[in-house]
Amino acid sequence: MLVFTNRQLTTNLDNEKAFTKAYTPFSDALNCALVSSNAIDNSRWKVTNHSINLTDQAALAELRKSFSGAQPILVYLHGNNNSPDTCFTRCQALEAEYGVSVIAYSWTSEGYQPNGDDLSGIDNGKVNDDLDEDNFSKVSKNKLSEGWIQRKARRYAQAKTNAQHSAASLARFLRLVAAARLSTMKMPFSIAAHSLGCHFVHYAITQEGAAESFAAAQNIILMAGCTGSAKHAAWVSQINPVQRVYVTYTKADSVLAAAFIVDGDTKLGTDPGTDRVKGVKYRYIDFEGAAKMNFGAHRYFVADPAKTLSKQATLLFKRIFTSEPDISTADSSLKVVYPVGCTPDMSVCYMGNS
């Protein structure tokens with residue numbers, strides 16, 4: 001997989017540790033590398049073709065190689081507390097499950113300071129916090145005073161800041177992806193942003209050329225958005241892809257419930273509210289009560305290795321990740337994809353009983 005990043009990239013390491021916790025705030029710098037599974041030594045990942053401080057020309061050359069391949073492109077933007085290892089694992093699962101070629105953007109979502117140091121004055125305890133975002137779901141109201149909760153809350157806040165201060169880099173990446181697609185006109189691409197990645201998109205879209213870049217994508221998928229629900233229509237309406245913007249949500253999302261406990265902000269991925277984007281290019285997908293949600297309500301777009309998605313969810317995500325419409329003209333009914341159907345205007349579709 002091709003992975004772009006604004007993390008500082010260490011060229012003398014050939015595993016996931018090449019992607020550091022440090023970045024330069026407000027910079028549009030981009031680095032990239034090729035990442036593959038490593039079966040030779042104890043490291044999980046093989047990192048090759050390190051490219052530092054890419055020029056636009058060099059970045060386009062790397063992107064064109066992916067767009068000249070044989071599979072549709074999925075650009076993936078991860079959420080909170082995703083280390084490089086977690087990001088690569090998720091991308092590998094997406095490629096295996098949906099038959100896409102993933103181009104990922106890895107950012108410093110673990111919540112460390114820009115220089116890579118830990119935050120000062122927090123209780124590190126004995127817990128390894130560099131796990132994926134599902135670990136955040138352990139936060140509860142009656143434990144807010146505990147040291148590990150305070151640590152998670154502060155790192156989550158810092159991750160939000162890191163996203164805001166990385167907006168120029170993400171916007172530049174999106175512009176280059178669009179340019180690579182338009183210059184090759186081979187494989188289509190769609191963009192999937194997950195969790196705090198939606199907060200990242202919210203800030204990146206204010207940067208020059210970012211909104212226009214989305215117009216080259218077929219589908220934009222905002223999944224389990226860890227960004228404010230209130231007034232989200234103001235920025236989501238700026239996203240105008242070739243086909244459609246999808247917003248997925250469910251009140252069963254325990255990670256977003258924890259985020260609400262920490263910052264008091266109702267999340268888009270929990271309840272979009274009544275202030276929604278109107279128009280044929282925007283569809284909200286309600287996963288409340290959907291089958292097989294027990295494997296993890298926050299990442300229902302990709303299954304654990306030993307478990308499976310429902311047939312409808314697998315079909316839905318396969319279509320939109322591979323740049324197809326969610327509903328095919330060959331479908332005998334809406335329930336082929338949406339078990340409980342859709343509202344008459346098709347603005348909301350339901351994956352389970354609400």
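## Cysteines

In this predicted model, the sulfur of Cys 226 lies 8.7 Å from the closest cysteine sulfur, that of Cys 198, which is too far for a bond. Cys 226 counts as buried, because its relative accessibility is 4%. The sulfur of Cys 91 has its closest cysteine sulfur in Cys 87, at 4.1 Å, and this too is too far for a bond, since a disulfide requires sulfur atoms within 2.5 Å. With a relative accessibility of 0%, Cys 91 is likewise counted as buried.

By that rule there is 1 disulfide, and it is formed by Cys 342 and Cys 349, whose sulfur atoms are 2.0 Å apart. The torsion about the S-S bond of Cys 342 and Cys 349 is about 105°, so this disulfide is right-handed. Both of its cysteines are buried: Cys 342 has a relative accessibility of 18%, while Cys 349 has a relative accessible area of 0%.

## Strand 10 and its neighbours

Strand 10, which spans residues 244–249, has 6 of its 6 residues buried, and it is therefore largely enclosed by the rest of the structure. Its two faces are both covered, with Arg 244, Tyr 246 and Thr 248 buried on one side and Val 245, Val 247 and Tyr 249 buried on the other.

Strand 9 (residues 219–223) runs parallel to strand 10 and is joined to it by 5 bridges; within this pairing, Ile 221 has Tyr 246 of strand 10 as its bridge partner. Strand 11 (residues 282–286) also runs parallel to strand 10, again with 5 bridges between them, and here Thr 248 stands opposite Ile 285 of strand 11. Between strand 10 and strand 11 the chain passes through helix 8, making a β-α-β crossover that is right-handed.

## Nonpolar cores

The largest nonpolar core has 63 residues, and those touching the most other members are Phe 4, Ile 103, Tyr 105, Phe 173, Phe 189 and Leu 222. Helix 4, residues 167–184, contributes the most to this core, with 8 residues. A second core, separate from this one, has 42 residues, including Met 1, Val 3, Ile 285 and Phe 301.

Leaving aside residues up to four places away in sequence, Ile 103 touches a set of residues that includes Leu 2, Phe 4, Leu 63, Phe 67, Val 75 and Phe 173.

## Helix 3

Helix 3 (residues 147–164) consists of 18 residues and reaches 26 Å from its first C-alpha to its last, close to the 26 Å expected at 1.5 Å a residue. Among its buried residues are Trp 148, Ile 149, Arg 151, Tyr 156 and Asn 162. The elements covering the buried residues of helix 3 include strand 3 (19–23), helix 4, helix 5 (196–204) and helix 8 (254–263).

Notes: Residues numbered from 1 in each chain as written. Predicted model: local features only at pLDDT ≥ 70, side-chain atom pairs only at ≥ 80, totals over all residues. Heavy atoms only, no water. Core = buried A, V, L, I, M, F, W, Y, C linked by side-chain atoms within 4.5 Å. Buried < 20%, exposed > 50% of the residue type's maximum accessible area, 1.4 Å probe, protein only. Helix = DSSP H or I, 4+ residues; strand = E, 2+ residues; numbered from the N terminus. Contact = heavy atoms within 4.5 Å. Expected span 1.5 Å × (residues − 1). Pairing = 2+ DSSP bridges. Right-handed = clockwise from strand over helix to strand, strands pointing away.
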